Amino acid sequence: MNILVIGRNGQVAQALQHALGTLGRLHILGSDQLDLAYPERIAEQVRAIAPDLIINAAAHTAVDQAENEPELAFAINATAPGIFAEEAARLGVPLIHYSTDYVFDGSKTGPYTEDDTPNPLGVYGHSKLAGEQAIAAVGGQHLILRTSWVYSTHGRNFLLTMQRLLQEKPELRIVADQIGAPTWAGTIADSTRQLIERWQAGQAGAWGVYHLTAQGETSWFGFAQAIGEQLKAQGKLCANLLPIPSSEYPTPARRPLNSRLDCSRLQREWNVSQPDWHQALIDCLK
Ligand SMILES: NC(=O)c1ccc[n+]([C@@H]2O[C@H](COP(=O)([O-])OP(=O)(O)OC[C@H]3O[C@@H](n4cnc5c(N)ncnc54)[C@H](OP(=O)(O)O)[C@@H]3O)[C@@H](O)[C@H]2O)c1
């Protein structure tokens with residue numbers, strides 16, 4: 001099987017390269033070969049590879065920066081995924097694409113299901129939602145996997161930033177009123193591999209939008225505490241942590257207070273489930 005993965009250096013892209021190698025031949029396209037800021041170049045590249053499966057792990061993920069460059073965010077997050085969907089449909093192959101908890105405004109009391117109505121708070125969320133809609137409009141075989149709070153031992157993310165700051169600073173103030181599930185890129189890649197295996201084995205569930213995060217929930221403050229515990233267990237320095245509300249940490253883009261995603265549909269339809277976020281953090285650090 002020829003698998004086209006869009007994204008080379010990203011957190012999920014790297015984890016996919018690690019997890020999918022045994023499933024087939026991976027064709028990796030990084031931004032140096034295919035710049036999604038110019039979506040008109042996509043079709044030619046996809047046709048040259050003629051993959052059996054397309055996985056789009058690339059995105060404009062700089063949430064605050066997106067507020068100042070909406071056209072670029074929409075080209076990468078909305079127009080490009082729509083063209084991947086068109087090319088996948090033309091070839092008659094599935095497209096796996098990742099989306100985000102930021103399509104929601106966070107005002108719901110409980111976890112969001114796939115049936116809840118999106119209402120993004122910022123440009124990034126709007127552009128990702130437009131990408132979902134562009135893929136759905138094509139109507140081919142697709143999985144849109146909404147995840148949240150992605151981290152890995154690679155790239156730019158909360159885990160690596162905290163590991164550094166917790167050892168450098170005496171005290172850190174961390175937002176405690178945004179609730180969600182930190183999700184290891186390795187978990188996303190592992191679940192993606194299982195989905196592909198189900199499809200290959202003729203056990204595919206319905207195509208469409210699914211929520212895919214680690215199980216359980218915490219705040220950024222709770223996530224930082226857990227990272228600190230791991231540092232202390234290794235005998236390393238760890239800053240004192242203070243919980244603060246989002247109002248004391250203003251950012252250009254507003255974030256949803258409730259990022260919890262209900263992942264039970266993925267379990268029901270595809271028999272794929274994820275570990276608890278705390279266990280996944282320990283596995284990642286191993
Ligand atoms: N990070 C999060 O907390 C989070 C939360 C929820 C959902 N998600 C979603 O999960 C998916 C993966 O995110 P991630 O955390 O792995 O992202 P990431 O680490 O920020 O990596 C971004 C990827 O996008 C590629 N990319 C960026 N601009 C590009 C351009 N102009 N042309 C081509 N490729 C470009 C990068 O290319 P190179 O490989 O060339 O560097 C890289 O592979 C995305 O769909 C994202 O929206 C992420």
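One aromatic cluster brings together Trp149, Tyr151, Phe158, Trp220, Phe223 and Trp277. The model described here is predicted, and its count of aromatic pairs comes to nine. Within the cluster, the rings of Trp149 and Trp220 are stacked, because their centres are 3.7 Å apart and their planes meet at 15°, under the 30 degrees that the term requires. This pair links distant parts of the chain: Trp149 sits in the loop between strand S5 (142-147) and strand S6 (150-151), while Trp220 belongs to helix H8 (residues 220-233), 71 residues apart. Both Trp149 and Trp220 are buried.

A further aromatic pair, Trp207 with Trp270, is edge-to-face, with 5.6 Å from centre to centre and 65° between the planes. Trp207 is found in the loop between helix H7 (185-200) and strand S10 (208-211) and Trp270 in helix H9 (residues 264-270), so this pair ties together parts 63 residues apart in sequence. Trp270 counts as buried, at 2% relative accessibility, whereas Trp207 is partly exposed, with a relative accessible area of 27%.

Turning to the whole protein, the fold contains 10 helices and 12 strands. The radius of gyration is 19 Å, close to the 19 Å that the globule rule gives for 286 residues, so the protein is as compact as a globular protein of that length. Buried residues account for 51% of the 286 residues. Of the contacts between residues at least 6 apart in sequence, 81% join residues at least 24 apart. The accessible surface is about 12,600 Å², and carbon and sulfur atoms contribute 47% of that area.

Methods
Residues numbered from 1 in each chain as written. Predicted model: local features only at pLDDT ≥ 70, side-chain atom pairs only at ≥ 80, totals over all residues. Heavy atoms only, no water. Helix = DSSP H or I, 4+ residues; strand = E, 2+ residues; numbered from the N terminus. Rg over C-alpha atoms; globule rule 2.2 N^0.38 Å. Buried < 20%, exposed > 50% of the residue type's maximum accessible area, 1.4 Å probe, protein only. Contact = heavy atoms within 4.5 Å. Areas by Shrake-Rupley, 256 points an atom, 1.4 Å probe, with all protein chains shown as cover. Phe/Tyr/Trp six-rings, centres within 6.5 Å; stacked < 30°, edge-to-face > 60°.
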